[in-house]
Every structure is written in C-alpha cells, then in structure tokens.
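Colleague: I would like to learn how to read a model like this one, beginning with the whole chain and then moving to single helices. Could you take me through it step by step?

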Amino acid sequence: MSMTQISRFTSEIVPVAQRVTGDGDESAAPEGGGGFADYALVSLHCLRIYLDTSYRMTIDLLKEMPQITGEIGLNAADLPSPSTLCKAFDRISMSVCRVLLRQSAQLHDLSEHGAIDATFYERSAASRHYCQRTSYRVQKLKVTKLVDTDSQAVLDVHCSTTREGSDADLAEQIARRNASDLRSLAADKGYDKQSVRESLRDLGIRPLIKHHLFAPYDHAHNARIDEQRYNQRSMTETMNSAVKRSLGFAVRARSWFREFREIALMCVVYNVKRAISTDQSAKAIAR
C-alpha cells in the first residue's frame, strides 16, 4: 500500500467524518483541556481498519506519516495513545456508523436498484481463559448487507451473533430503512415470503425475489421477473469477496457491540476505497 493511496483515502474519509459528526470546524487535537474532535477519532479508526493494523501499530505508523496526520488536522505529538484510541471506539454509536455508511455510499453514482444477502465473519481467536471468563462461545457473526447493484456500494448493514429469525423479515426491516433510495430489491429464494413482497410494494419498491416452485402459478410469477436485474443479486457476493480479501474475514474486537461497529466501519472503508478506485479508472480512461 503506497503513501499516495493512504493519502487519497484520508482526503476522502475526513470530509465524510466531518459531515457526520458535525464538528468539522473544531480543532482536531485537544485544546484547553478538551478532547479530540469526533471527526478526528472516526478518521483514525477508519485508517486503522484501512491499514489492517492494531491500535498500537496504527499510532506508530502515523507518527512516521506527517502528511497523513496533517490531513486529519493533527501532528505526531497530537496523536492519541493506543489506549485512548481504543476507548474512543466505545463512543462511536452504531447510529453514527450507519450515517457514515450512507455518506460513504453517496461517493458513488447510485442506481436505486439494490440486492441483499447475508455472509459470515469469524470472531478473532481469543485465549481459552478469556473465552471461559466471558462466555465467548459464538464463533461467527451473521452480517446482512444491502448493496447497490450498479456501483457495488454498501448501503446498509445488519449484524447478529445468532442465526435465529427470518432472513425475509430482516430484508423487510432493512428495505423500510432505505425505502426512499430504492426502486427494486433483488434477493435469492431464502427471502421468499409473500408478506415481504407486499411490504416492498407498499414502500414503492419492486421485489425481485423468485418464488419456490410449489404450484404452476409460481412458474408464472417467476417468468415475470426482470431477469437482468434479478441476476444482479450476485453483486452482493462480489462485494463480500472484495471486502474480505482486502480487509479480512475476521473482526478484531471481542465484545459484540464493538464487532458490530467494526463491521459497519469496514463497509465504510470499502465504499471509500472503491470510490477512489473508480475515480482513478475514470480519469485513466479520459486520458
């Protein structure tokens, strides 16, 4: 990963964090006994995920990158300690992470055609003593993502430590949260439920979910589906593969609420990385 790539990422993530936290006019570093600006801490956490390093290694690397820290509004002497950065992660609420995700998706040209699917992330390996002390038994997180099929940007994410509950009902919940930005929603047969189709239509969203074949009229229903749009549901698999290849298939955090936030910020980082890559490709073609 080159310094130029890190700089481009930082120059994109800092304005996004400033818009979401609303404290972009404040000094990034503590002044007069105050704390770090929220946008600075959010930017540092996104950089940590982008660099795929620990808290300590992130701070050590940034001390050697004055250009990067300068774009956040900090210098080497201002950087928080690893423990301060770690504790600050607890103050980033999931609602803020969702807004960050939406803002990062706006860096793309969105099509209003979405697809939804679930994947699994490994929880980081922990010592046997830690697992026994904290009842750390769940080995995987179930993560459901809503993706724009044209840009492959992640629009929304839902995390769970259990496999209970209906995927179809969850799809309805996510669609309702994003109804104003969707014209169609594609999903595989695991989301086949008539009440979901009816809810999507009530929201003004065209359901692209094939019926299980129990009766002749199910064939007729499936024949009316826009095959080209329906086949775009595979973009969720493409996106999940890209995220796991570049940012890892496991989460570093150990408590479930931290893991949920980490997953959301991984999606934010992915959106920004993809936007930068798309922009560079467009400029290359223009030349």
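Modeller: Let us start with contacts, where two residues count as being in contact when heavy atoms lie within 4.5 Å. This is a predicted model, and among contacts in its protein chain between residues at least 6 apart in sequence, 66% join residues at least 24 apart.

Colleague: Which secondary structure elements does the protein chain contain, and what share of its residues count as buried?

Modeller: The protein chain has 13 helices and six strands, and 48% of its 287 residues count as buried, where buried stands for under 20% relative accessible area. The chain exposes about 14100 Å², of which carbon and sulfur atoms supply 48%.

Colleague: Where do the buried residues of helix α3 lie around its axis?

Modeller: One first lists them, and for α3, which covers residues 55–63, they are Tyr 55, Thr 58, Ile 59 and Leu 62. Because these residues cover an arc of only 95° around the axis, they sit on the same side of α3.

Colleague: How should I read the pairing of helix α8 with helix α9?

Modeller: One looks at the angle, and angles under 35 degrees count as roughly parallel. The axes of α8 (residues 167–177) and α9 (residues 194–202) come within 9 Å and cross at roughly 10°, so α8 is roughly parallel to α9.

Colleague: Which residues meet there?

Modeller: From α8, Ala 168, Asp 169, Glu 172, Ala 175 and Arg 176 meet Val 196, Ser 199 and Leu 200 of α9, and the residues of this contact divide into four nonpolar, one polar and three charged.

Notes. Residues numbered from 1 in each chain as written. Predicted model: local features only at pLDDT ≥ 70, side-chain atom pairs only at ≥ 80, totals over all residues. Heavy atoms only, no water. Axes fitted to C-alpha atoms, helices over the stretch in contact; angles between N-to-C directions. Helix = DSSP H or I, 4+ residues; strand = E, 2+ residues; numbered from the N terminus. Parallel < 35°, antiparallel > 145°, perpendicular 65-115°, else oblique. Nonpolar A, V, L, I, M, F, W, Y, C, P; charged D, E, K, R; others polar. Buried < 20%, exposed > 50% of the residue type's maximum accessible area, 1.4 Å probe, protein only. Arc of directions from axis to C-beta. Areas by Shrake-Rupley, 256 points an atom, 1.4 Å probe, with all protein chains shown as cover.
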